[in-house]
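This briefing introduces a protein model to a first-year reader. Please keep the sequence and the three-dimensional view at hand while reading.

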Amino acid sequence: MERQKITDAVTAIIPLIPINDDGSVTTEIISEAVNRLKDFAPHLMEGATAEDIDTIVWRIGNHFNVQIGGTVILNNPDVERWLDSKKTDIDWDYYNAYKSLLQNQERPAKVISENEKIIDSILDLSGDPTTTGIWARKGLVMGNVQSGKTQNYIGLINKAVDAGYKVIILLGGHLNDLRKQTQERVDEGFIGMESQHLVRMNYAEAARIGVGKIRDPSQNVATYTSTANDFSKGVADLGIKLNNLSSPAIFTVKKNTSVMKNLSKWITDSHLLDEQIKL
């Protein structure tokens with residue numbers, strides 16, 4: 001099934017789900033709802049493979065079962081906090097489009113709100129991207145199973161580019177399938193178009209998806225990876241140079257030594273970036 005058909009099926013099934021008192025649902029309940037959809041709306045499930053059905057069940061499970069619990073923040077007290085003083089001056093166009101997408105998908109309002117508070121805390125500790133000079137900031141964010149990690153990092157990416165970050169490198173698992181799955185989420189929640197066409201400059205064939213249907217068409221994202229391919233110098237050279245960007249850019253790559261070294265070398269050699277900046 002095409003990704004849009006999977007999304008349509010998920011949207012159709014969610015209202016059929018009987019929710020437990022704690023707001024959660026079981027995999028068995030979701031599977032029963034999927035079977036009911038096959039009966040009364042077979043066109044939505046036409047061509048669905050076992051893998052497609054697993055994806056549908058997984059996405060619906062995420063929709064209902066994600067819970068945002070209490071958070072603990074450990075940080076260096078010497079780190080300068082910056083977000084509160086600039087928050088009202090920033091146009092949150094990318095994040096607001098992502099938030100609207102979550103609302104359209106009927107994600108619980110409480111989860112969206114609580115997750116945004118965590119995102120703001122992470123962004124606040126990440127450093128003001130408008131700060132001049134050479135500087136670095138390192139950190140670690142941890143989350144339990146079904147704690148909204150995907151929603152968190154996609155939301156953070158959107159807020160980061162609103163704040164002024166230009167280049168995002170996202171490590172999408174150590175296997176090709178995991179990286180592709182992460183790329184699909186990035187396509188829907190940040191890029192807003194089908195990356196497999198964007199990297200080849202086939203803009204006419206790149207359908208708008210997810211936030212791309214909500215955000216202003218002028219607010220684009222450059223991607224150097226796609227659902228079809230991890231980072232490669234040959235494909236990346238077709239794109240815009242990083243030191244001449246008019247839009248934010250993202251790389252969704254595997255946690256693989258050779259891929260990351262190739263990306264680091266490409267950035268250093270091809271874009272006149274300071275050699276002190278290392279991945």
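Which residue is the bridge partner of L170 in strand 3? The partner is T252. The model discussed here is predicted. The points below begin with the protein as a whole and then turn to its sheet, one of its helices and its salt bridges.

**Overall composition**

- The protein contains 11 helices and three strands.
- Read from the N terminus, the order of elements is α-α-α-α-α-α-α-β-α-α-β-α-β-α.
- Of the 279 residues in the protein, 43% are buried.
- Among contacts with a separation of 6 or more, 72% are between residues 24 or more positions apart.
- The exposed area of the protein is about 15,600 Å², and carbon and sulfur atoms supply 50% of it.

**The sheet**

- Strands of a sheet pair through backbone hydrogen bonds, in either a parallel or an antiparallel manner.
- In this model, three strands form an open sheet with the order 1-3-2 and parallel pairing.
- Strand 1 (167-171) and strand 2 (222-223) stand at the edges; each has a single partner strand, so one side of each lacks a neighbour in the sheet.
- Strand 1 and strand 3 (residues 249-253) run parallel and are joined by five bridges.
- Several partners can be located along this pairing: V167 is matched with A249 of strand 3, I169 with F251, and L170 with T252.
- Strand 2 also runs parallel to strand 3, and two bridges join them.
- A222 has A249 of strand 3 as its bridge partner.

**Covered and uncovered faces of the strands**

- Strand 1 has one covered face, formed by I168 and L170, while V167, I169 and L171 lie on its uncovered face.
- In strand 3, both faces are covered: A249, F251 and V253 are buried on one side, and I250 and T252 are buried on the other.
- Since five of the five residues of strand 3 are buried, this strand is largely enclosed by the rest of the structure.

**Helix 11 and its packing**

- Helix 11 packs on the sheet, where it touches strand 1 and strand 3.
- The direction of helix 11 makes about 155 degrees with that of strand 3.
- What span should the 14 residues of helix 11 have at 1.5 Å a residue? The expected value is 20 Å, and the end C-alpha atoms of helix 11 are 20 Å apart, which agrees.
- The buried residues in helix 11 are V259, L263, S264, W266, I267 and T268.
- These buried residues pack against strand 1, strand 3 and helix 10 (233-236).

**Salt bridges**

- Side chains of opposite charge can pair when their charged atoms come close.
- A search of the whole structure finds 10 salt bridges.
- One of them joins D128 to K86, with 2.4 Å between the closest N and O atoms. This pair links distant parts of the chain, 42 residues apart: D128 is in the loop between helix 6 (109-126) and helix 7 (149-163), and K86 is in helix 4 (residues 83-86).
- Is D128 buried or exposed? D128 counts as buried because its relative accessibility is 11%, whereas K86 counts as partly exposed because its value is 30%.
- Another salt bridge brings together the side chains of E116 and K159, at 2.9 Å from N to O. This pair also links distant parts of the chain, with E116 in helix 6 and K159 in helix 7, 43 residues apart.
- Both E116 and K159 are buried.
- A further salt bridge is formed by K265 and D269, whose closest N and O atoms are 2.6 Å apart.
- K265 and D269 are four residues apart in helix 11 (residues 257-270), so about one helical turn separates them.
- K265 counts as exposed at 54% relative accessibility, and D269 counts as partly exposed at 49%.
- Salt bridges that share partners join K87, K99, E116, D120 and K159 into one network.

Key:
Residues numbered from 1 in each chain as written. Predicted model: local features only at pLDDT ≥ 70, side-chain atom pairs only at ≥ 80, totals over all residues. Heavy atoms only, no water. Salt bridge = Lys/Arg side-chain N within 4 Å of Asp/Glu carboxyl O. Buried < 20%, exposed > 50% of the residue type's maximum accessible area, 1.4 Å probe, protein only. Pairing = 2+ DSSP bridges. Contact = heavy atoms within 4.5 Å. Axes fitted to C-alpha atoms, helices over the stretch in contact; angles between N-to-C directions. Expected span 1.5 Å × (residues − 1). Areas by Shrake-Rupley, 256 points an atom, 1.4 Å probe, with all protein chains shown as cover.
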